Amino acid sequence: MAICPGSSALGTKGFGETPIAGVPAAIGNAVYHATGRRIRDLPITQDKLL
């Protein structure tokens, strides 16, 4: 079995950080549903909520 460039010794290729792309949006929506305030920039801090 030949190993492709960019793959690991097991032949798997990295998926990178793609799954983390939706996490900030999900946290922002959770904050909005919990507090009623839409925070559109990160980081979401307590000062921005008050």
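A nonpolar surface patch joins nonpolar side chains within 5 Å of one another, each from a residue with over 30% relative accessible area and no salt bridge. Keep that in mind for the second stop. The model on screen is predicted.

**Whole chain**

Show everything first. The protein has two helices and zero strands. Its accessible surface is about 4,400 Å². Carbon and sulfur atoms account for 62% of that surface. Of the 50 residues, 8% count as buried.

**The nonpolar patch**

Select I20, V23 and I27. Together they make a nonpolar surface patch of about 260 Å². Now keep I27 alone. This residue sits in helix α1, which covers residues 23–35. Is I27 buried or exposed? Neither label fits: I27 is partly exposed, because its relative accessible area is 47%, and partly exposed is the class between under 20% and over 50%.

**Along helix α1**

Select residues 23–35, the whole of α1. Put a distance between the C-alpha atoms at its two ends. They are 18 Å apart. The helix has 13 residues, and at 1.5 Å a residue the expected span is 18 Å, so the two values agree.

Next, pick A25, also in helix α1. A25 is partly exposed, with a relative accessible area of 46%. Add L42 to the selection. A25 and L42 are 17 residues apart in sequence, yet their C-alpha atoms are 10.0 Å apart in space.

Step off the end of the helix to G36. This glycine follows α1 and has a positive phi, near 85°. For context, most residues other than glycine have a negative phi.

**The loop between the helices**

Move on to R40. R40 lies in the loop between α1 and α2, the latter being residues 46–49. How accessible is R40? Its relative accessible area is 75%, so R40 counts as exposed. Now add N29. The two are 11 residues apart in sequence and 9.9 Å apart in space, C-alpha to C-alpha.

Stay in the loop and select L42 with P43. What kind of peptide bond joins L42 and P43? The bond is cis, with omega at about 0°. Most peptide bonds are trans. P43 itself is placed in the loop between α1 and α2.

**The salt bridge**

Last stop: select D41 and K48. They form a salt bridge. The closest N and O atoms are 3.5 Å apart. That distance meets the rule, because a salt bridge needs a side-chain nitrogen of Lys or Arg within 4 Å of a carboxyl oxygen of Asp or Glu. The count for the protein comes to one salt bridge.

Color both partners by accessibility. D41 is partly exposed, at a relative accessible area of 45%. K48 is partly exposed too, at 27%.

Terms used: Residues are numbered from 1 along each chain as its sequence is written. This is a predicted model: local features need pLDDT of at least 70, side-chain atom pairs count only at pLDDT 80 or more; totals for chains, interfaces and linings use all residues. Side-chain values use heavy atoms; hydrogens and water are left out. Patches are made of residues with over 30% relative accessible area and no salt bridge: like charges are joined within 9 Å, nonpolar side chains (Val, Leu, Ile, Met, Phe, Trp, Tyr) within 5 Å. Accessible areas come from the Shrake-Rupley method with a 1.4 Å probe; for residues, only the protein chains shown count as cover. Helices (H or I, at least four residues) and strands (E, at least two) are DSSP runs, numbered from the N terminus. Buried means under 20% relative accessible area, exposed over 50%, partly exposed in between (1.4 Å probe, protein chains only). The expected span of a helix is 1.5 Å times one less than its number of residues.
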